[in-house]
Amino acid sequence: MVLTEQLARLTTVLGISYEDLGALLRAHHKTVNRWLADESFPQIQARARLDALEGLVDRLDETFKTPADAASWLRSQSGYFGGLRPIDALLRGRIDAVHAA
């Protein structure tokens, strides 16, 4: 998958902005804009986080019947996260915890 398509899929499925995606990847939003314009590519750490997010999105696709069901779960409060929503944990960088839930 082309990087721009991967970024678009992640923001669409997770329901986040490119700015949020940049924060998740620990990359400045201007860096994400350069990726979208094919002016640069993610470095090793950002690439690893991108792969982890892609794995999470694949798991959501396997677990839920529709993207709407996955989006609903991401935005529902969860005891697993101490009352936080999975999307809140995700935006705090806890990709691993959301994947494990």
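## A residue to start from

Which residues does alanine 101 touch, not counting residues up to four places away in sequence? In this predicted model, alanine 101 touches Arg59, Trp73, Tyr80 and Phe81. Alanine 101 lies in the segment after α7, a helix that spans 95-100. With a relative accessible area of 41%, alanine 101 is partly exposed, because that value falls between the 20% limit for buried and the 50% limit for exposed.

Serine 78 offers another reference point for this segment. Alanine 101 and serine 78 are 23 residues apart in sequence, and their C-alpha atoms are 9.5 Å apart in space.

## Aromatic pairs

Three of the contacts of alanine 101 are Trp73, Tyr80 and Phe81, and these residues come up again here. Searching the whole structure gives 2 aromatic pairs. One joins phenylalanine 64 and tryptophan 73: the ring centres are 5.9 Å apart and the planes meet at 35°, so this pair is tilted. Both rings belong to partly exposed residues, phenylalanine 64 with a relative accessible area of 21% and tryptophan 73 with 25%.

Tyrosine 80 and phenylalanine 81 make up the other pair. Their ring centres are 5.0 Å apart and their planes stand at 85°, so the arrangement is edge-to-face. Why is phenylalanine 81 buried? Its relative accessible area is 12%, and buried means under 20%, so phenylalanine 81 qualifies. Tyrosine 80, at 52% relative accessibility, counts as exposed because the cut-off for that class is over 50%.

## Salt bridges around arginine 9

Side chains of opposite charge can pair when their charged atoms come close. The count for this model comes to 6 salt bridges. In one of them, the side chains of glutamate 54 and arginine 9 meet at 2.1 Å, N to O. This pair links distant parts of the chain: arginine 9 sits in helix α1 (residues 3-14) and glutamate 54 in helix α4 (residues 44-63), 45 residues apart. Arginine 9 and glutamate 54 are both buried.

Arginine 9 also forms a salt bridge with aspartate 61, where the closest N and O atoms are 2.6 Å apart. Here too the pair links distant parts of the chain, with arginine 9 in helix α1 and aspartate 61 in helix α4, 52 residues apart. Aspartate 61 counts as partly exposed, at 43% relative accessibility. Through shared partners, salt bridges join Arg9, Glu54, Asp58 and Asp61 into one network. Elsewhere, the side chains of arginine 85 and aspartate 88 meet in a salt bridge of 2.9 Å, N to O, and arginine 85 is partly exposed at 30% relative accessibility.

## Helix α1 and what covers it

Helix α1, the home of arginine 9, has 12 residues. From its first C-alpha to its last it reaches 16 Å, close to the 16 Å expected at 1.5 Å a residue. Its buried residues are Leu3, Gln6, Leu7, Arg9, Leu10, Thr11 and Leu14. Among the elements that cover them are α2 (18-24), α3 (29-36), α4, α5 (67-74) and α6 (86-91). Glycine 15 follows α1 and has a positive phi, near 70°.

## The nonpolar core

The largest nonpolar core has 26 residues. The members that touch the most others are Leu14, Leu21, Leu25, Trp35, Leu53, Leu90 and Val98. Two or more residues come from each of α1, α2, α3, α4, α5, α6 and α7, and α4 gives the most, with 6 residues.

For a closer look at this core, try leucine 53. Leaving aside neighbours within four places in sequence, leucine 53 is in contact with Leu10, Leu14, Leu21, Leu24, Leu25, Leu90 and Ile95.

## Positive phi in two loops

Which residues other than glycine have a positive phi? Arginine 26 is one of them, with a phi of about 60°. It lies in the loop between α2 and α3 and counts as exposed, at 66% relative accessibility.

Aspartate 38 is another, with phi near 60°. Aspartate 38 lies in the loop between α3 and α4 and is partly exposed, with a relative accessible area of 47%.

Definitions and conventions:
Residues are numbered from 1 along each chain as its sequence is written. This is a predicted model: local features need pLDDT of at least 70, side-chain atom pairs count only at pLDDT 80 or more; totals for chains, interfaces and linings use all residues. Side-chain values use heavy atoms; hydrogens and water are left out. Rings of Phe, Tyr and Trp (its six-membered ring) pair if their centres lie within 6.5 Å; planes under 30 degrees apart count as stacked, over 60 as edge-to-face and the rest as tilted. Buried means under 20% relative accessible area, exposed over 50%, partly exposed in between (1.4 Å probe, protein chains only). A salt bridge is a side-chain nitrogen of Lys or Arg within 4 Å of a carboxyl oxygen of Asp or Glu. Helices (H or I, at least four residues) and strands (E, at least two) are DSSP runs, numbered from the N terminus. Contact means heavy atoms within 4.5 Å. The expected span of a helix is 1.5 Å times one less than its number of residues. A nonpolar core is a set of buried Ala, Val, Leu, Ile, Met, Phe, Trp, Tyr and Cys residues joined through side-chain atoms within 4.5 Å.
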